[in-house]
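Subject: Structure handover

Hello,

Here is the structure we discussed. My notes follow it; please read them with the structure open.

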Amino acid sequence: MLNSLYEILMPLRAAKNLDKLPVNAVPAPEFLYVHLKQHEGAEAAPVVKAGDEVKAGQTIGWAMDFMSADVHAPMDGKVVGIERQPNPYGGFSSVVVIKTEGKRKPVESTPDPDYLSKSNGELLHRIRRMGIMCEGPAPPSIHSIFNPYMCPSRLVVHVGRDPLPPVDTLIVTAIDEEPIVSINQYMITRQSNDVPEAIKLMKKLSGVNGRTVLACLDTQRKEAEKAASGEAEVKIMSGRYPGTLRELTVWRLTGREIPAGASPMSVGVAVIPLRTAIAALKAVRDGIPQTSMIVTVAGDAVTPPQTVDALIGTPARDILKFCDVPEAPIKKLVFGGPIRGKSQFSFDMPLTKGVNTIVALKADKLVPIAENNCINCGACVEFCPARLQPNMLSRHCQFRVFDEIVKKHITACLECGVCGYICPSRRPMLQYFQNAKQQMKLPRKGNML
Ligand code: SF4
Ligand code: SF4
């Protein structure tokens, strides 16, 4: 069984050589749609109004709770309205609509060469004000990762447990979690000059008192060793999904298992994606807020796959047009990776800070999923990396038997999607688990970095 499942999962490997391709900047569209909820926590409060002129990098939304971060204008323009619109990751949120002016230009920066002499509190405050986030549906911010006790959604999993141990292992990972995504790999190749300083900053913020690891793929060994510059030991890891997930990276590098629903900090490990570490460095050193994203554009409707630099708020339609991808054959548009990404219902959905990939699929690649009956083949149990019983868990989620859902350890689910990927009945396993966690207000994967 295991051999055949291994073959099934073979396509789920990290993208190769996408990091070597040129990265072109998508021109500014006529209108940018900047969501004020692009992060974990509460929606940011608008500090501009219709008719205001804004400059690139100007704050347009203030963080309203500890977990959220500020939102900035991606380029010069005029605010034409603030509207409630569908959020790419579900629900509705306020959107600042900006009519852009002129060509893209670098954001005005406020450098601070002496940033390393600042306290961690001051640095984290500046990072928060610059709006630096990780990727994912409700991406956590750097300041909330390093202050787990301050975050209500994480505090709940620490209640009744021992205090968090000191961080003895810092993992800066240049491996993207999902197949075909290549953003962190790109950072090693194209922004290697910033890697040592970014690692040094993460060491300071995490207070690590042991080893620091730069995890990368075998194909990037040389670049990683050069980029690490002695600031971290380089560890070569497999790019085979789901081994690329943060939880399994921690287990493979330290042998420690993260308790169900807890963050790596609970076992003394801090894990930071390299892209986020470099964005944090640029925030504190150069004073550059997060106003754009490097995005992988892939899927069978995109030949060849591309990596582009697009302003936050750019509609997917403009990014696809820039990549010469015709809309007509696309039957499914996904923000995020191919396994756990979110399907979008319109090409007008704009880029947010959580989106690192746009996947465009034609009809012949789509495998329909439906609430079919489980045939008890056991494949999902065999291959679940969290050693759960996805077959039973999915039935309890389907019929909302909440007591049993808890007893079957849903908080240990990594939301890897492997069970749904291999299920011969094509049951919507991941959707069952995510929906149940949302209804029961349990911590979601992605919020627990
Ligand atoms: S998504 Fe499925 S396979 Fe992955 S950890 Fe959860 S139950 Fe296991
Ligand atoms: S893989 Fe699908 S059909 Fe097989 S046991 Fe799991 S849920 Fe049931």
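The buried residues of H12 pack against four other helices: H11, H13, H14 and H15. This is a predicted model, and everything below should be read in that light. H12 is mostly covered, with seven of its nine residues buried. Those buried residues are Pro390, Asn391, Leu393, Ser394, His396, Cys397 and Gln398. After H12 comes Arg400, which has a positive phi, near 55 degrees.

Helix H15 spans residues 429–439, and its buried residues are Met429, Leu430, Tyr432, Phe433, Gln434, Ala436 and Lys437. They pack against helices H11 (379–383), H12 (390–398), H13 (402–407) and H14 (418–422), and also against strand E16 (342–344). Lys441 follows H15, and its phi is positive, near 55 degrees.

Both helices also supply residues to the ligand surroundings.

Ligand 1: the residues around it are Cys384, Pro385, Ala386, Pro390, Cys413, Leu414, Glu415, Cys416, Gly417, Cys419 and Phe433. Of these, Pro390 is one of the buried residues of H12, and Phe433 is one of the buried residues of H15. By class, the shell of ligand 1 holds nine nonpolar residues, one polar and one charged. Ligand 1 sits in the second largest cavity.

Ligand 2: around it are Cys374, Ile375, Asn376, Cys377, Gly378, Cys380, Asn391, Cys423, Pro424, Ser425, Arg427 and Met429. Among them, Asn391 is buried in H12, while Met429 is buried in H15. The shell of ligand 2 divides into seven nonpolar, four polar and one charged residues.

So much for the ligands; the remaining figures concern the protein as a whole.

- Secondary structure: the protein has 15 helices and 17 strands.
- Burial: of the 449 residues, 55% are buried.
- Contacts: taking pairs at least 6 apart in sequence, 70% of the contacts join residues at least 24 apart.
- Surface: about 18,700 Å² is exposed, and carbon and sulfur atoms supply 54% of that area.

If you open one region first, I suggest the part where H12 packs against H15, with Pro390 and Phe433 around ligand 1 and Asn391 and Met429 around ligand 2.

Regards

Technical notes
Residues numbered from 1 in each chain as written. Chains lettered and ligands numbered in written order. Predicted model: local features only at pLDDT ≥ 70, side-chain atom pairs only at ≥ 80, totals over all residues. Heavy atoms only, no water. Near = heavy atom within 4 Å. 1 Å grid on protein atoms, 1.4 Å probe; cavity = no way out; pocket = protein on both sides within 12 Å on 5 of 7 lines; lining within 4 Å. Sits in = over half its atoms within 2 Å of the grid points. Nonpolar A, V, L, I, M, F, W, Y, C, P; charged D, E, K, R; others polar. Buried < 20%, exposed > 50% of the residue type's maximum accessible area, 1.4 Å probe, protein only. Helix = DSSP H or I, 4+ residues; strand = E, 2+ residues; numbered from the N terminus. Contact = heavy atoms within 4.5 Å. Areas by Shrake-Rupley, 256 points an atom, 1.4 Å probe, with all protein chains shown as cover.
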